[in-house]
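Reader: I would like to learn how to read a model of this kind, feature by feature. Could you take me through the general idea each time, and then through the case at hand?

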Amino acid sequence: MTVDLSEEDVARFGTDPARAFAANLLTVRDRIASACRRCGRQPEEVRLLPVTKTVPAPLLRLAFAAGLSDFAENKLQEARDKQVELADLAIRWSIIGHLQTNKVKYLVRFAAEFHALDSLRLAEEMNRRLDAQGRDLDVFVQVNTSGEASKYGLPPAEVIPFVERLADYPRLKPRGLMTLAIFSADTDRVRTCFRLLRALRDQTATLHPGMTQLSMGMSGDYEAAIEEGADVVRVGQAIFGPRPTADAFYWPGLIPPPDQQKSGNAP
């Protein structure tokens, strides 16, 4: 499969993005398998959820051709636009970013999964909209395990009372907990976030049997997350390369973009 590349696409993804995506994907899957071996798990236990934030829809056709059919987006509007443009492909869309209640009506039309549930008001609106459509939605409860004011998610102390209320919203199918660990080179601090989420999951699973999964780990820390029990890892930049955005951090071990690979300079 080929797509027409703009100058911006070439600068960001190189002249052969299909090959780059496939190579990066192979590396990520190898690292997932290695992390699983280190902790006595099977690679099949971990679901890779590719984060397609800022990747143009035509380029996602190449990712689909490389074997990816689950895509995750932070922003609902971006996900909506891509879903329309790629409606001919059998893609399962997940929304993993904060959502305002007035956007729920759009999410329930196409999303198969939501990873950022953190308020009962949002749960109520989702349940109402889903019921009107006669469908259910898999959800993960977001927890702020780092305690950072800049992050969304429930404080750990509020997770159990929140989960106890989820039975009031039968259209929501809670699958587990989600977190974003602290962005730090100190692995111990990162792992502390993951261990806290795992402990909370063990408690919530006794209240809601379906809440068995941990959605945690991104491009820079998914291996540590797997070692701490992650069932879903949300990986974007390690597959698609660094993003041209103000919040694009350099993750240790991240594959540099094609032009920098040639020069040997990491971003």
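**Reading the model**

Author: Let us begin with one residue, Pro244, which is found in the loop between H10 and helix H11 (258-263), where helices (H or I, at least four residues) and strands (E, at least two) are DSSP runs, numbered from the N terminus. This is a predicted model, in which local features need pLDDT of at least 70 and side-chain atom pairs count only at pLDDT 80 or more, while totals for chains, interfaces and linings use all residues. Residues are numbered from 1 along each chain as its sequence is written, and side-chain values use heavy atoms, with hydrogens and water left out.

Reader: Is Pro244 buried or exposed, and which residues is Pro244 in contact with, leaving aside its neighbours within four places in sequence?

Author: Buried means under 20% relative accessible area, exposed over 50%, and partly exposed in between (1.4 Å probe, protein chains only). Pro244 has a relative accessible area of 61%, so it counts as exposed. Contact means heavy atoms within 4.5 Å, and, with neighbours within four places in sequence set aside, Pro244 is in contact with Arg12 and Thr54. From Pro244 to Arg121 the C-alpha distance is 34 Å, with their positions 123 residues apart in sequence.

Reader: Where is the place of Thr54, and what is the sign of its phi?

Author: Most residues other than glycine have a negative phi. Thr54, in the loop between strand E1 (47-50) and helix H3 (57-65), has a positive phi near 70° although it is not glycine. Its relative accessible area is 23%, so Thr54 is partly exposed. Gly67, which follows H3, also has a positive phi, near 115°.

Reader: How should I read a helix such as H3, and which of its residues are buried?

Author: One asks which residues are buried and then what covers them. In H3 the buried residues are Ala57, Leu59, Leu60, Leu62 and Ala63, and their cover includes helix H1 (7-13), helix H2 (17-38), strand E2 (70-73), helix H4 (76-85), strand E3 (92-95) and helix H10 (237-240).

Reader: Which are the buried residues of H4, and what arc do they cover around the axis?

Author: In H4, Leu76, Glu78, Ala79 and Lys82 are buried. Because they cover an arc of only 155° around the axis, they lie on the same side of H4, the arc being that of the directions from the helix axis to the C-beta atoms. Among the elements that cover the buried residues of H4 are H3, E2, E3 and H5.

Reader: What does Leu107 touch, not counting residues up to four places away in sequence?

Author: Leu107 is found in helix H5 (residues 104-110) and is buried, with a relative accessible area of 0%. Beyond residues up to four places away, Leu107 touches Leu76, Ile95, Leu99, Phe114, Met126, Arg135 and Leu137; Leu76 is also one of the buried residues of H4.

Reader: How far from a polar atom of the side chain of Asn127 is the backbone nitrogen of Arg171?

Author: A polar contact is a pair of N or O atoms within 3.5 Å; within protein, one must be able to donate a hydrogen and the other to accept it, and residues adjacent in sequence count only if both atoms are side-chain atoms. Here the separation is 2.8 Å. Asn127 belongs to helix H6 (residues 120-133) and is buried at a relative accessible area of 14%. Residues up to four places away aside, Asn127 touches Tyr169, Pro170, Arg171 and Leu172.

Reader: Why is there no bond between Cys36 and Cys39?

Author: A disulfide is a pair of cysteine sulfur atoms within 2.5 Å, and by this rule the count comes to zero. The closest cysteine sulfur to that of Cys36 is in Cys39, 5.6 Å away, and therefore too far for a bond. Cys36 is buried, with a relative accessible area of 0%, whereas Cys39, at 29%, counts as partly exposed.

Reader: What pLDDT does the chain average?

Author: The pLDDT is the predictor's confidence in each residue, from 0 to 100. The chain averages 91, and 91% of the residues score at least 70. Over residues 249-267, however, the pLDDT is below 50, and this stretch has 37 contacts in the model beyond near neighbours in sequence.
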